[in-house]
Amino acid sequence: MQVKQLEKDGVTVFEIDGEVNLSTSPELKKQFEKSAPKKLVVDLQKVQYIDSSGLATLVEILKKTRAQGGQLGLAGLSDKVRSLFEITKLDKLFVITKSREDALSKIK
Amino acid sequence: MKPDSGKGLKVQTFEFPSRLSEVYEASAQALAFLRPLGLAEGELFDIRLCLEEAVINAMKYGNELDERRKVKIRIEPREQELCIEVTDEGRGFDPEHVADCTQDEGVLKGCGRGIFLMKQLMDEVRYNRRGNAVSMLKRFKAKSEDTRGQDAG
């Protein structure tokens, strides 16, 4: 898994490429903790697989973002990845959009 | 029309030490074994996810990451379904006492989310009486229901 960090109009974007699972999610958490952005969009367009550890890590990032009065958006989820958020009711917690641009405009 | 059913594939068992880095080797071997069945991409996603969640639980909570203790995987392809059993050497647990990760604070806490996903993505999930073995059943879909993996070439 690779995490590319970008800044766009005052919002941090994490562009993730690869799988978010038990083995890789600590790296995502570490990347978040390095900068602890207040406004964050996680672009999952290049993520084809996520497990419960990956979901838990995104929830943890969401909680930390909220705790500092910030916002987190998820963008570009594949149908299968999105279905996991729906099954676990996590789609009610996150701002989930089809494109990164939609997420940026919601988070700004 | 069904995928190639379980015909030709015999029961396969795998055994791994309780080391988390082995989880992906376990699922890679299992999926390679299942390849001749020609399952759709969506089905393979579900099978991989549930197998990995079960193996992680077995290694972490069942065998407490004691590498001397093994996790056994048994895969039985049947005519129209697949049975996967994951067994650890731990004391077992009571699956009835796992909190619902979709209710109230459970959504944020996420306890038992892996087990919840297994129950949702598989057609049947059962534990033995001791609670150290989980048996998961996945019924094959008709091809038209999910053909992404097979028709992609």
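**Exercise 1.** Does Leu51(B) count as buried or exposed, and how many C-beta neighbours inside 10 Å does Leu51(B) have?

*Solution.* Begin with the setting: the model is a predicted one, and in it Leu51(B) is found in helix H2 of chain B. Next take the neighbour count, which is 24 C-beta atoms inside 10 Å. A residue is buried if 20 or more other C-beta atoms lie within 10 Å of its own. With 24 such neighbours, Leu51(B) therefore counts as buried. To see what surrounds this residue, leave aside residues up to four places away in sequence; Leu51(B) then touches Ser27(B), Ala30(B) and Ile84(B). As a last step, consider Leu20(B), which is 31 residues from Leu51(B) in sequence and 13 Å from it in space, C-alpha to C-alpha.

**Exercise 2.** Describe the make-up of chain B, starting from its helices and strands and ending with its contacts.

*Solution.* Counting elements first, chain B has 5 helices and 5 strands, and along the sequence they follow the pattern β-α-α-β-β-α-α-β-β-α. Turning to burial, 32% of the 153 residues in chain B are buried. Finally, among the contacts in chain B with a separation of 6 or more, 68% are between residues 24 or more positions apart.

**Exercise 3.** Work out how the strands of chain A are arranged in their sheet, and then look at the pair E1(A) and E2(A) in detail.

*Solution.* In chain A, 5 strands form an open sheet with mixed pairing, in the order E1-E2-E3-E4-E5. Its edge strands are E1 (2–8) and E5 (95–97), each of which pairs on one side only, and the twist from one strand to the next averages 20°. Within this sheet, E1(A) and strand E2 (residues 11–17) of chain A run antiparallel and are joined by 7 bridges. Two residue pairs illustrate this pairing: Glu7(A) stands opposite Thr12(A) in E2(A), while the bridge partner of Lys4(A) is Glu15(A) in E2(A). The two strands form a hairpin with 2 residues between them, and Asp9(A) in the turn has a positive phi of about 50°. As for burial, E1(A) has 7 residues of which the number buried is 0, so this strand lies largely in the open.

**Exercise 4.** Find how helices H1 and H2 of chain A are placed, and which residues make the contact between them.

*Solution.* Start with helix H2 (residues 52–67) of chain A, which lies across strand E3 (39–46) and strand E4 (71–75) of chain A and runs at about 150° to E4(A). Helix H1 (residues 25–35) of chain A packs with H2(A) at an angle of about 15°, the axes being 9 Å apart. That angle makes H1(A) roughly parallel to H2(A), and their crossing is right-handed. From H1(A), the contact uses Ser25(A), Leu28(A), Lys29(A) and Phe32(A), and from H2(A) it uses Ser53(A), Gly54(A), Thr57(A), Glu60(A) and Ile61(A). By class, the residues of this contact divide into 3 nonpolar, 4 polar and 2 charged.

**Exercise 5.** Which helices of chain B each supply at least two residues of the side that touches chain A, and which one gives the most?

*Solution.* The contact between the chains involves 19 residues of chain B and 15 residues of chain A. On the side of chain B, helices H1 (23–34), H2 (41–62), H3 (106–109) and H4 (113–121) each supply at least two residues. Of these, H2(B) gives the most, with 6 residues. By class, this side of chain B has 11 nonpolar, 5 polar and 3 charged residues.

Notes
Residues are numbered from 1 along each chain as its sequence is written. Chains are lettered from A and ligands numbered from 1 in the order in which they are written. This is a predicted model: local features need pLDDT of at least 70, side-chain atom pairs count only at pLDDT 80 or more; totals for chains, interfaces and linings use all residues. Two strands pair if DSSP finds at least two bridges between them. Helices (H or I, at least four residues) and strands (E, at least two) are DSSP runs, numbered from the N terminus. Axes are lines fitted to C-alpha atoms, for helices over the stretch in contact, and angles run from 0 to 180 degrees between N-to-C directions. Two residues are in contact if their C-beta atoms, placed from the backbone, lie within 7 Å. Angles under 35 degrees count as roughly parallel, over 145 as roughly antiparallel, 65 to 115 as roughly perpendicular and the rest as oblique. A crossing is left-handed if the near helix is turned anticlockwise from the far one by less than a right angle, and right-handed if clockwise. Ala, Val, Leu, Ile, Met, Phe, Trp, Tyr, Cys and Pro count as nonpolar, Asp, Glu, Lys and Arg as charged, and the others, Gly among them, as polar. A residue is buried if 20 or more other C-beta atoms lie within 10 Å of its own, exposed if 12 or fewer, and partly exposed in between; C-beta atoms are placed from the backbone.
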